[in-house]
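User: I am new to this structure and would like a close look at one part of it. Could you pick a good starting point and then show me how it fits with its surroundings?

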Amino acid sequence: RTLIRNELAGTDVILVSNREPYVHTTQTDGIRCEIPAGGLVSALEPIARGCGGTWIAHGSGSADRETVDAHDRIQVPPGNPGYTLRRVWITPEEEKGYYVGFANESLWPLCHNAFVRPVFRAADWCHYRAVNARFADAVKQEARTDSPIVIVQDYHFALLPRMIRERLPNATIVSFWHIPWPNAEVFGICPHAAEVLDGMLGSDIIGFQVPLFRINFIDCVERTLESRINPEDCSVRYGSKLSRVRTYPISIAWPPDPTGQEMPATLSARKAMGAKSGAKLILAVGRLDYTKGIPEFLSAFEELLVLHPEWRGNIHLFYVAAPSRGEVASYRSLHKQCLRLSEAINDRFGTPDYTPLLFMDRHVDRDDLRHLYREADICVVPSLHDGMNLVAKEFVAERRDEQGVLILSRFAGATQEMPEALAVNPFDISKLAATLKSALEMPPDEQAARMRRMRETVRSKNIYRWAGRLLEDAVHFRRRNQLLKRG
Ligand code: ADQ
């Protein structure tokens with residue numbers, strides 16, 4: 001944190017993301033301001049607080065829009081302002097094309113091996129381009145100097161780096177891609193492949209979660225654009241522009257609550273499910289997304305209860321799934337499917353004294369979530385494909401008692417950092433059920449040995465290190481550009 005502060009003292013820093021770090025929602029007692037669920041915000045919020053600057057985001061779902069009139073800028077966090085939030089307003093039609101359409105129905109399924117077919121509509125692409133240009137204008141307006149450091153987040157803004165470069169040629173632009181990058185064969189089906197790559201190569205630094213995504217990206221550039229690749233330092237020269245392609249595995253704050261101000265939890269899974277003493281609690285947390293392997297894990301839980309009747313009455317599954325992207329049809333049908341599966345499992349194995357599973361389809365407060373992580377015997381992350389997955393790291397961070405078992409998908413970036421977790425292929429339901437059984441039977445000393453090592457990883461490779469490395473590289477690149485300019 002000190003490193004970040006020192007490196008950035010007096011530097012004009014602008015963060016850009018689709019999602020706002022604070023969402024204003026209308027409640028019965030007025031407008032409430034809360035942090036939305038999602039890895040990106042969880043990861044960047046501590047950085048924005050730490051270094052100040054400006055965060056530009058889409059003013060999505062801002063119930064305070066009427067109250068702020070024409071004031072696009074507000075100081076956040078509420079009550080203890082540390083940085084400026086600049087909202088960019090877009091029309092419902094633009095939101096449908098840019099966000100629902102090209103970002104979430106084209107790029108999201110294109111980048112995840114979940115076998116959901118991407119849809120490409122010409123109108124969505126036009127809106128995506130137009131909204132990226134609107135954000136580029138906002139960056140230009142917010143820049144206090146002609147050479148800011150701009151940090152662009154994620155697949156909503158593939159075209160933005162090039163557009164910022166056209167408006168602010170001396171800016172240092174870093175893009176971080178939070179989700180996987182597909183191999184060249186898959187990426188090649190995107191009708192706008194060349195434009196997407198050209199847009200991203202407006203960046204000085206392009207960051208990915210793990211080496212495989214970086215390798216895939218470089219391979220896509222090599223096959224699609226006239227460019228020169230230097231495999232030694234993973235750089236791409238495209239036209240006169242040099243871009244470095246790096247990996248920065250994202251993480252969480254350590255200690256998990258740097259303020260130390262923990263509110264008492266109001267939610268207990270054991271209480272909610274009437275668990276008898278000694279019963280085991282399995283926890284899963286995530287957005288309701290088809291990449292997160294929710295039906296797959298529900299089926300594995302059912303298989304365990306079928307094959308091992310001795311566990312009936314002695315295990316409970318608490319699934320906390322925050323509804324997400326309800327505008328997209330596939331997300332709505334997934335939601336229904338999960339509710340149906342949960343109900344069927346409870347009908348089949350539940351008794352008046354035993355609730356096998358509680359599927360909680362809502363967002364829960366951070367303090368409640370932390371309590372759930374500490375209450376669980378097992379935390380399961382069954383993603384079909386995931387850039388990193390912060391839930392896995394949050395669970396580990398909460399286990400000061402060094403107990404608890406993490407079951408982690410082989411296809412989540414986090415698995416590369418935590419080989420001590422029980423790795424699973426979530427497409428293989430029977431193996432998933434068998435791994436669950438091993439987790440239920442793991443002796444406490446083995447749990448402690450694994451947990452100790454995972455905690456050391458999350459402690460040392462925390463979000464401050466992620467941001468520190470990313471910003472250090474940005475500052476380095478900026479100095480290099482300034483020297484080259486001076487000749
Ligand atoms: P996500 O796909 O959103 O992030 P993830 O990394 O698991 O996935 O982050 C989810 C975050 O939302 C966690 O901080 C979790 O605690 C929170 N959350 C989930 N469900 C919740 C609920 N019901 N109530 C409250 N909070 C909830 C994307 C990529 C990931 C990558 C991150 C960060 O898809 O692969 O790890 O960005 O780069």
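Analyst: Happy to help! A helix here is a DSSP run of H or I with at least four residues, a strand is an E run of at least two, and both are numbered from the N terminus; the expected span of a helix is 1.5 Å times one less than its number of residues. This is a predicted model, in which local features need pLDDT of at least 70 and side-chain atom pairs count only at pLDDT 80 or more, while totals for chains, interfaces and linings use all residues. Residue numbers start from 1 along each chain as its sequence is written.

Let us start at helix 11. Its 14 residues, 294-307, reach 20 Å from the first C-alpha to the last, close to the 20 Å expected at 1.5 Å a residue. Eight names make up its buried list: I294, E296, F297, L298, A300, F301, E302 and L304. (Buried means that 20 or more other C-beta atoms, placed from the backbone, lie within 10 Å of a residue's own; exposed means 12 or fewer, and partly exposed is in between.) These buried residues pack against strand 13, strand 14, strand 15 and strand 16, and also against helix 12 (329-349) and helix 16. Contact is judged by C-beta atoms, placed from the backbone, that lie within 7 Å.

The four strands just named belong to an open sheet of six, with parallel pairing and the order 15-14-13-16-17-18. Strands count as paired if DSSP finds at least two bridges between them. At the edges are strand 15 (357-360) and strand 18 (422-424), each pairing on one side only. On average, neighbouring strands are turned by 15 degrees against each other, direction ignored; axes are lines fitted to C-alpha atoms, for helices over the stretch in contact, and angles run from 0 to 180 degrees between N-to-C directions.

Within this sheet, four bridges join strand 16 (378-381) to strand 17 (405-409) in the parallel sense. One residue pair to look for is V380 and its bridge partner I407 in strand 17. Helix 13 (366-375) packs on the sheet as well, touching strand 13 (280-287), strand 14 (315-322) and strand 16, with its direction at about 140 degrees to that of strand 13. Helix 16 (429-441) touches strand 13, strand 14, strand 16, strand 17 and strand 18, and its direction makes about 170 degrees with that of strand 18.

Helix 13 also holds R370. This arginine is partly exposed, with 19 other C-beta atoms within 10 Å. Not counting residues up to four places away in sequence, R370 touches P256 and E398. From R370 to A397 is 27 residues in sequence, and 9.3 Å in space, C-alpha to C-alpha.

I407 turns up again in the nonpolar core, a set of buried Ala, Val, Leu, Ile, Met, Phe, Trp, Tyr and Cys residues joined through C-beta atoms within 7 Å. The largest such core has 135 residues, and those touching the most other members are V16, V150, L283, A392, L406 and I407. Beyond its neighbours within four places in sequence, A392 is in contact with V381, L406, L408, A412, A414, M418 and A421.

Now for the surroundings. Another open sheet has 10 strands in the order 5-6-4-1-7-8-9-12-11-10, with mixed pairing. Strand 5 and strand 10 stand at its edges with a single partner strand each, so one side of each is left without a neighbour in the sheet. Strand 6 (83-88) pairs in the parallel sense with strand 4 (54-58) over five bridges, and in the antiparallel sense with strand 5 (73-76) over four. T84 of strand 6 is the bridge partner of T54 and of Q75. In the hairpin of strand 5 and strand 6, G79 takes a positive phi near 85 degrees.

Helix 9 lies across strand 9, strand 10, strand 11 and strand 12 of this sheet, at about 150 degrees to strand 12. Its buried residues are F213, R214, F217, I218, C220 and V221. Seen down the helix axis, they fall within an arc of 155 degrees, so they line one face of helix 9; the arc is taken from the directions from the axis to the C-beta atoms.

Stepping back, the chain has 18 helices and 18 strands, and 45% of its 487 residues are buried.

Note on methods: Two residues are in contact if their C-beta atoms, placed from the backbone, lie within 7 Å.
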